[in-house]
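Hi everyone, and thanks for making time. I'd like to walk you through a structure that is new to most of us, so let's bring it up on the screen.

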Amino acid sequence: MRLAWGPCLLAAVGICALSQDESTGRRAEIEVLHVKANVYLIAGAGANITVQAGDQAVVLVDSGPAEFSDDVREAIRKISTKPIGYIINTTVDRDHTGGNEALARGGFFMLTSANQQRQTASIVGHVNLLNRLNATDGKQRAATAGNWPTDTYDGPDWKLYANDEPLLLEHPAAAHTDSDTVVFFRRSDVISAGDLFDMTKYPVIDRKRGGSLEGILKTLNHISLDLAVPKENEEAGTYIIPGHGRICDRYDVAIYRDMLTIIRDRIQDMVKRGMSLDAVKAARPTYDYDGEFGSQTGPWTTATFIEAVYDEVTANPEGKAKPNK
Ligand SMILES: [Zn+2]
């Protein structure tokens, strides 16, 4: 599928709204897109926000940054007037978790009957996510307690049920970080992948927070080989929502996986030949992909991506993937 949508290109099926955050001057250009069956995408408020709606409640995957919560709530109301029951976080970054507290308020607690009087949604994440949000972590200060997950799981997966649909949560041991969750809406046939899959840039391999390229590759393989099913000619079928950027299908995931494998192999080969990091950068091992995914500015440039791959390959020159589950 090649849905290269820019701002409001899909206005016929989406809903656009412009708003400005007064404290930062940032503008959010919010789009609401129907993905498939019960699942929608709210784009434009930081990270992608997946919305599942039905008779019971609204389920969110990620919550955007705190400053856009009012806009996100307004966008959700265009999809459903039901209260928010679950907010599932795919990763620890604040553009995915910053709106947890504000959006959980006024929801209802779906998980345990004893707590159903609570007027907040359940915030769900892997236990590593809680451990990273409640502590000062590198440069990032601890998040306020209202943003922490109220319900965690500590194994490789967890199963929830909402709106007559199974929600399969899977935790890759080391992908973008060590705190990630991939969410599979099994009846709607939509996967929310989080930042291990990013159509706007090379994936952020957050090695300081337990991330690894081998884990990202393993998870992309799992999504494209085990979970996603194409409809015909490798196109459509299961849709995959990346952490950032356009809606994708299995073919897009496979192409992204192939690109990362090729870049990893090139850098691995250079390391085996004894090349220094500077020499590897000068050889431009990402050259043919930089037009689509490279960046010279911002927190995750092409150079930082190459550095992360180089560090991982140097630490593990044979390229053997660590067990991911
Ligand atoms: Zn992100």
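Let's start with strand 3, where both faces are covered: Val39, Leu41 and Ala43 are buried on one side, and Tyr40 and Ile42 are buried on the other. Before I go on, please keep in mind that this is a predicted model. The alternation you see here has a simple background: in a regular strand, side chains point by turns to the two faces of the sheet. Strand 3 covers residues 39–43, and five of the five are buried, so the rest of the structure largely encloses this strand.

Who is the neighbour? Strand 3 runs antiparallel to strand 4, residues 49–53, and four bridges join the two. If you want to find the pairing on your screen, look for Val39, whose bridge partner in strand 4 is Gln52. Then find Leu41, which stands opposite Thr50. Together, strand 3 and strand 4 make a hairpin with five residues between the strands, and in that hairpin Gly44 takes a positive phi near 105°.

Now stay with strand 4 for a moment. Strand 4 is mostly covered too, with four of its five residues buried. On to strand 5, residues 58–61: four bridges join strand 5 to strand 4, again in the antiparallel sense. Thr50, which we just met across from Leu41, also stands opposite Val61 in strand 5. Strand 4 and strand 5 form a hairpin as well, with four residues between them.

Let's step back to the whole chain. How many helices and strands does the chain have? There are nine helices and 14 strands. Of the 325 residues, 49% count as buried. And if you take the contacts with a separation of 6 or more, 61% of them come from residues 24 or more positions apart.

Further along the chain there is an open sheet of six strands, in the order 9-10-11-12-13-14, with mixed pairing. At its edges are strand 9 (157–162) and strand 14 (248–249), each pairing on one side only. Helix 5, residues 213–227, packs on this sheet and touches strand 11, strand 12 (190–198) and strand 13 (239–244). The direction of helix 5 makes about 155° with that of strand 12. Within the sheet, strand 10 (residues 165–170) pairs with strand 11 (residues 182–185) in the antiparallel sense, over four bridges. There, Leu168 stands opposite Phe184 in strand 11.

My last stop is a pair of helices. Two packed helices are described by the angle between their axes and the distance between those axes. Helix 6 (residues 250–272) packs with helix 9 (residues 302–315) at about 60°, and their axes are 10 Å apart. Helix 6 and helix 9 are therefore oblique to each other, and their crossing is right-handed.

Which residues meet there? From helix 6 we have Ile263, Arg264, Ile267, Gln268 and Val271, and they meet Ile306, Val309, Tyr310, Val313 and Thr314 from helix 9. Sorted by class, this contact has seven nonpolar, two polar and one charged residues.

That's my tour, and I'm happy to go back to any part of it. Thanks for listening!

Technical notes:
Residues numbered from 1 in each chain as written. Predicted model: local features only at pLDDT ≥ 70, side-chain atom pairs only at ≥ 80, totals over all residues. Pairing = 2+ DSSP bridges. Contact = placed C-beta atoms within 7 Å. Axes fitted to C-alpha atoms, helices over the stretch in contact; angles between N-to-C directions. Parallel < 35°, antiparallel > 145°, perpendicular 65-115°, else oblique. Left-handed = near helix turned anticlockwise from the far one by under 90°. Nonpolar A, V, L, I, M, F, W, Y, C, P; charged D, E, K, R; others polar. Buried ≥ 20, exposed ≤ 12 C-beta atoms within 10 Å, placed from the backbone.
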